[in-house]
Amino acid sequence: MNIAAESAINLTTTITAQEACAIQPRAIGTAVLSVRPGKAGQTRIGDLRQSGSLKLVFPRTFRADIETVLVNTAGGITGGDYFAADFDVQRGATLTVTTQAAERAYQAQPGTAGRVQTDIDVQSDAQLHWLPQELILFERSALRRRLAINLAAEARLLMVEPVIFGRVAMGEALRHINFQDRITITRAGKPLYIDAVHLRGDATAHLARNAIANGAGAMASLVLVRPDAAAQLAPIRAALPDTAGASLIADDTLVMRQLAADGYELRRALLPILDRLTDNALPTSWRL
């Protein structure tokens, strides 16, 4: 071994936690997709761009709409990661967006947070099914997530966002996390639905409070904007467990919130409702 190599091996350098974070490799991914109407009522891709650790996969279906699967090739989200997606559903088109599997927010380095932001425009006479699978939060995860959906006056939407606060079967408890989540839906430029969650510190203790979640370890939010929303209210309420509720906030807008003990119970109650609202066309990845 030469002297230069030996010196390099024996050299010890002290760096701060912030400096260590700065030199860590980070996952960055972006995706842009627009869809437009084609011949015979078929939806076609208008524009597609993707880069980094975020990919869009288009499974073959026998429906007129386009289904795309968001794939995070980094395998999860940790501090400093950044993912951004932009979708445009043009007049007369129908788009379904889902994920390959449950997304995972892993432990982050001190002082860092992963960021996920999604912007969606749905034009008149267009329809979007936003159906990601569960987000699983791990101990010491730090994540800032934002979903903004802009609907035209005659646009239709089905949106679900499930979150799991640690895996109960693995005995996980979230004693130190920082989770900021914001969903904004506007219609014709006016606010229709705004929801925000900010959990910092001991989330397990916070969710154990009776007035918060009464010990629930999983949650799902669902929004349906469709002319038949009022007709769906009674059958959805009949299918819900005692830890969930649904209401109309407009004649054509139904909102639902579900709490569950764990991810299994959440999915068991959620799947029949999603099957109903998608006319049994829920993406196959939800069945795997």
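Which residue forms a salt bridge with E134, and how far apart are the closest N and O atoms?

1. In this predicted model, the partner of E134 is R267, and the closest N and O atoms of the salt bridge lie 2.8 Å apart. Because E134 sits in the loop between strand 9 (127-131) and strand 10 (135-137) while R267 belongs to helix 5 (residues 263-277), the pair ties together parts that are 133 residues apart in sequence.

2. Both ends of this bridge can be placed with respect to the surface: E134 counts as buried because its relative accessibility, 7%, falls under the 20% limit, and R267, with a relative accessible area of 17%, is buried as well.

3. A salt bridge also joins the side chains of D202 and R175, with an N to O distance of 3.1 Å. This pair links distant parts of the chain, 27 residues apart, with D202 in the loop between strand 14 (190-201) and helix 3 (203-208) and R175 in the loop between strand 12 (156-165) and strand 13 (177-187). As for accessibility, D202 is partly exposed at a relative accessible area of 32%, and R175 is likewise partly exposed, at 38%.

4. The side chains of D47 and R49 meet in a further salt bridge, for which the N to O distance is 3.3 Å; here D47 counts as partly exposed, its relative accessibility being 29%.

5. Beyond such pairs, R63, D65 and E67 are linked in a network of salt bridges, and the structure as a whole holds 15 salt bridges, including the one between E134 and R267.

Notes: Residues are numbered from 1 along each chain as its sequence is written. This is a predicted model: local features need pLDDT of at least 70, side-chain atom pairs count only at pLDDT 80 or more; totals for chains, interfaces and linings use all residues. Side-chain values use heavy atoms; hydrogens and water are left out. A salt bridge is a side-chain nitrogen of Lys or Arg within 4 Å of a carboxyl oxygen of Asp or Glu. Buried means under 20% relative accessible area, exposed over 50%, partly exposed in between (1.4 Å probe, protein chains only). Helices (H or I, at least four residues) and strands (E, at least two) are DSSP runs, numbered from the N terminus.
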